[in-house]
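Colleague: I have a few questions about this model. Keep the answers short, please.

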Amino acid sequence: ARRSLASPVVSGVLCPCGSPRAAAAPGSASVTDSGAAAGGGGSGAGGGAGPCGRALCEASEQERRLRALFQKLDVNRDGALCIHDLAVGLGRLGLHRTELDLLKIVKAGDKDLDGQLDFEEFVHYLQDHEKKLRLVFKSLDKKNDGRIDAQEIVQSLRDLGVKISEQQAEKILKSMDKNGTMTIDWNEWRDYHLLHPVENIPEIILYWKHSTIFDVGENLTVPDEFTVEERQTGMWWRHLVAGGGAGAVSRTCTAPLDRLKVLMQVHASRSNNMCIIGGFTQMIREGGPRSLWRGNGINVLKIAPESAIKFMAYEQIKRFIGTDQEMLRIHERLLAGSLAGAIAQSSIYPMEVLKTRMALRKTGQYSGMLDCAKNILSKEGMAAFYKGYIPNMLGIIPYAGIDLAVYETLKNAWLQRYAVNSADPGVFVLLACGTISSTCGQLASYPLALVRTRMQAQASVEGAPEVTMRGLFKHILKTEGAFGLYRGLAPNFMKVIPAVSISYVVYENLKMTLGVQSR
């Protein structure tokens with residue numbers, strides 16, 4: 001059984017005004033009493049006020065309790081808590097945390113960046129952490145009775161698209177339930193989570209949704225979702241900025257693979273079997289190393305307008321759907337995401353065409369993006385900026401649908417097998433699920449993406465006839481076989497893992513820089 005953090009440390013403490021502490025109500029012993037209460041006051045102190053009216057008593061007593069806990073955790077007695085101190089100190093109190101968990105705690109509270117927590121940083125971390133926990137406890141307490149039961153956990157997870165059984169919810173409850181009631185009151189919730197870096201169950205669930213960090217250079221993903229609190233506090237735009245920055249860095253790092261994919265989609269055939277090494281050699285021979293990044297400028301520029309339009313459209317569609325849930329269910333999310341993606345793609349599609357033409361241009365063909373746009377407009381007219389529009393729109397549904405379905409399947413498989421005491425997936429599980437699901441989504445929609453790219457590039461290929469989407473499909477199948485619909489697939493898949501990884505690292509660092517609370 002878990003021990004309360006430090007109730008033995010402060011038992012028998014007298015109020016500074018001379019009156020003894022009132023007895024706590026049965027079952028209310030908490031981390032607050034044991035020294036970790038911050039911001040929440042002396043809820044475990046209970047009882048009547050002393051001559052000081054309790055304000056002075058509680059403030060002074062709370063600091064003394066916090067100091068006692070800090071000293072108990074400060075194993076080497078150097079006045080600061082490092083990862084080793086926390087590991088040993090919490091272990092002695094019956095709380096075992098992984099090194100990654102402890103690193104997150106230190107990183108969250110370490111204001112002077114010296115790799116450890118002094119007393120003030122320790123107190124500030126606990127105060128900030130408990131405020132978040134209080135908000136989450138209230139959001140999970142759907143019956144508003146001051147307790148969380150298994151059904152409320154199941155419902156909260158289900159609202160956000162994570163399905164677990166009541167038995168699994170009970171296992172999660174047991175890890176926090178100290179008095180055997182199979183419900184969690186505020187004290188038990190706080191005791192369990194206060195010195196644990198994962199702040200709340202909704203945070204865990206937010207791990208399980210697609211986010212802006214999964215930028216693989218495609219434009220078909222379902223938009224990010226934000227909580228009511230994030231929208232009200234303005235945190236949503238910081239997430240979008242962080243996601244946009246992460247996408248820009250990720251796309252720039254993988255741009256050579258992206259350009260190679262476009263070249264193979266358009267130029268590779270049975271008679272011109274372009275391989276990866278040969279393609280890179282050809283690009284460098286024709287335009288030098290800088291030519292590997294052709295088309296990347298417009299690819300990065302379109303991130304901001306597309307993300308903003310997709311987010312705004314997604315929010316409006318959610319309201320139109322009229323769901324009373326804070327987060328959409330899977331099928332609602334697919335519908336809203338697909339429609340929002342279609343609206344965003346319609347708005348920025350000329351930039352898509354421009355990106356393809358810039359990636360395919362020869363050295364000296366255009367002086368820049370504006371010159372390319374003027375050239376297309378004067379020679380081909382406005383309609384050229386919407387070539388390939390239909391297969392692009394059709395590709396959104398299989399991409400988003402399979403992406404979400406695979407993600408949901410992998411997520412639930414992990415939960416069924418490993419969610420015993422916690423539903424926290426961890427970063428590596430999250431990235432693995434996102435990478436696999438995104439890859440499956442691309443695989444399903446790739447033929448449509450290839451046809452779209454060839455239609456966008458028609459005028460740039462000498463002698464290429466003007467064809468429709470259906471005609472191009474027939475032509476590829478007749479002349480190149482089914483394999484022809486997957487030209488360029490190898491470099492496209494090669495960029496998925498580095499793109500996801502780079503996006504995640506940059507996204508997390510930008511969030512910290514922008515002051516976004518970690519999810």
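Modeller: First, accessible areas come from the Shrake-Rupley method with a 1.4 Å probe; for residues, only the protein chains shown count as cover.

Colleague: What area does the protein chain expose, and what share of it do carbon and sulfur atoms supply?

Modeller: This is a predicted model: local features need pLDDT of at least 70, side-chain atom pairs count only at pLDDT 80 or more, and totals for chains, interfaces and linings use all residues. Residues are numbered from 1 along each chain as its sequence is written, and side-chain values use heavy atoms, with hydrogens and water left out. The protein chain exposes about 23100 Å². The share supplied by carbon and sulfur atoms is 60%.

Colleague: How many helices and strands are there in the protein chain?

Modeller: Both are DSSP runs, numbered from the N terminus: helices are H or I with at least four residues, strands E with at least two. By that count the protein chain holds 23 helices and two strands.

Colleague: Of the 519 residues, what percentage counts as buried?

Modeller: Buried means under 20% relative accessible area, exposed over 50%, partly exposed in between (1.4 Å probe, protein chains only). Of the 519 residues in the protein chain, the buried portion is 52%.

Colleague: What part of the contacts joins residues 24 or more positions apart?

Modeller: Contact means heavy atoms within 4.5 Å. Take the contacts in the protein chain with a separation of 6 or more. Residues 24 or more positions apart account for 72%.

Colleague: Which residues in helix 20 are met by residues of helix 17?

Modeller: Helix 17 brings Tyr349, Glu352, Val353, Thr356 and Arg357 to this contact. Their partners in helix 20 are Arg452, Thr453 and Gln456.

Colleague: Where is Thr254, is Thr254 buried or exposed, and which residues does Thr254 touch?

Modeller: Thr254 sits in the loop between helix 12 (235-253) and helix 13 (255-267). Its relative accessibility is 7%, so Thr254 counts as buried. Leaving aside residues up to four places away in sequence, Thr254 touches Lys495, Pro498 and Ala499.

Colleague: How many salt bridges are there?

Modeller: The rule asks for a side-chain nitrogen of Lys or Arg within 4 Å of a carboxyl oxygen of Asp or Glu. By this rule the salt bridges come to eleven.

Colleague: How far apart are the closest N and O atoms in the salt bridge of Asp258 with Lys261?

Modeller: Asp258 and Lys261 both lie in helix 13, three residues apart, which is about one turn of the helix. Asp258 is buried because its relative accessibility is 8%. Lys261 is buried because its value is 4%. The closest N and O atoms of the pair are separated by 3.4 Å.

Colleague: Asp258 also meets Lys495 in a salt bridge. How many residues apart in sequence are the parts that this pair ties together?

Modeller: The N to O distance between the side chains of Asp258 and Lys495 is 2.8 Å. Asp258 belongs to helix 13, while Lys495 lies in the loop between helix 22 (489-494) and helix 23 (496-514), so the pair ties together parts that are apart in sequence by 237 residues.

Colleague: And is Lys495 buried or exposed?

Modeller: The relative accessible area of Lys495 is 1%. Lys495 is therefore buried.

Colleague: Which residue forms a salt bridge with Arg487?

Modeller: The N to O distance is 3.0 Å. Arg487 counts as buried because its relative accessibility is 7%. The partner is buried too, at 8%, and the partner is Glu480.

Colleague: Which residues do salt bridges with shared partners join into one network?

Modeller: Shared partners link the bridges into one network. Its members are Asp258, Lys261, Lys355 and Lys495.

Colleague: What is the phi of Asn144?

Modeller: Asn144 is found in the loop between helix 6 (119-140) and strand 1 (147-148). Asn144 counts as exposed because its relative accessibility is 68%. Asn144 is not a glycine, yet its phi is positive, at about 55°.

Colleague: What about the phi of Met182?

Modeller: Met182 lies in the loop between helix 8 (166-176) and strand 2 (184-185). Its relative accessible area is 26%, so Met182 is partly exposed. Met182 is not a glycine either, and its phi is positive, at about 60°.

Colleague: Last one: what is the relative accessibility of Tyr386?

Modeller: Tyr386 is placed in the loop between helix 18 (369-380) and helix 19 (389-418). Tyr386 counts as partly exposed because its relative accessibility is 35%.
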